[in-house]
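Hi everyone, thanks for making time this morning. Let's pull the model up on the screen and walk through a couple of spots together.

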Amino acid sequence: MEIHVDKDACVGCGLCVKDCPMHVYELQDNVSVAVRPNNCMGCLSCHEICPAQALEHRGIYAARRHYIDINVCEMLRKVV
Amino acid sequence: MSAGYIDELHEAFHSDLVYRSEEIPLECSPKPKEMEQTLHGVMKLNGLVIRSLEEIAGRGANAVTYRAGKKFGHEVAKYFQKREDVEGALHELSDLLRGQYSFEVWKPEDKETFIIEENGETFIYLVFHDCIVRQTLRRNGLDQGGPLCQTLFGYVVGAIEEITGRKAKLEIVHTGPNACLKKLVLK
């Protein structure tokens, strides 16, 4: 597992540090650093909680997503 | 209601198909792609049931759904091969949950084996990747770890107990949008 933190985007809020149950992240000089990437089990809670969207995971298994509403998607496609 | 609309309805539900009771359908109808709306309907219904149950029974809802899931797990796993080893039991469980849930055995990097012994208890970490419970909860904007998750917990515990003949317990360690970490404690 490779975790990349965009240092320019990271605001140093530390939410990913607090949220990760496996202590993958640490704050160093007010920037989040993935110090234990091998401990990541790919839950992606950090992605959901990061206000700056500064995280990127590589080599992750993306779970199936059945919950996306097809009608909403169709409407969005018309708008976007 | 206009007569035209009623006629339209009647026409929509009428066909010239000859259906014999001895004919066994060999495939789903309609095709899976067309079932998407049905799936969403089922997810919405499940979400509604769980939300109402939480409102009515409060914290007791977890116990009810856990018990229901466990009973179901015992019943389903009855027909599976009995295994004494945990690895074999998890393999059987994986077959049992195929298509609905997928999971893998996981360990933190500082642990040497997947079966971990700590503070007098033996446990295994399971990471659940694909999960219809998570999909349903996210579809309905409900929190993870509540009564619907307890149904799955009970189901897994019931199945493991039935397959191995040993008592087991499952704990939520963490829930996430893409995967959940669970701890299977063996007794």
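Start with B:I116, please: its bridge partner in β3(B) is B:F123. That pair belongs to a set of four bridges that join strand β2 of chain B, residues 115-118, to β3(B), with the two strands running antiparallel. Bear in mind that this is a predicted model.

Now look at the turn. The hairpin of β2(B) and β3(B) has two residues between the strands, and B:N119 takes a positive phi there, near 50 degrees.

What else pairs with β3(B)? Strand β1 of chain B, residues 101-106, does so in the antiparallel sense over five bridges, and here B:W106 stands opposite B:Y125. Then there is strand β5 of chain B, residues 180-186, also antiparallel to β3(B), over seven bridges. In that pairing, B:T122 stands opposite B:L186.

So how enclosed is this strand? Nine of the 11 residues of β3(B), which spans residues 121-131, are buried, so the strand is largely enclosed by the rest of the structure.

Let's move over to a helix, then. B:T164 sits in helix α6 of chain B, residues 147-164. Is B:T164 buried or exposed? It's buried: its relative accessible area is 13%, and the cut-off for buried is under 20%.

Its side chain has two polar contacts worth showing you. The side chain of B:T164 reaches the backbone oxygen of B:I160 at 2.7 Å, and it also reaches the backbone nitrogen of B:R166 at 3.1 Å. Leaving aside neighbours within four places in sequence, B:T164 is in contact with B:R83 and B:A89.

Thanks, folks!

Terms used:
Residues numbered from 1 in each chain as written. Chains lettered and ligands numbered in written order. Predicted model: local features only at pLDDT ≥ 70, side-chain atom pairs only at ≥ 80, totals over all residues. Heavy atoms only, no water. Buried < 20%, exposed > 50% of the residue type's maximum accessible area, 1.4 Å probe, protein only. Pairing = 2+ DSSP bridges. Polar contact = N/O pair within 3.5 Å; in protein donor to acceptor, adjacent residues only side chain to side chain. Contact = heavy atoms within 4.5 Å.
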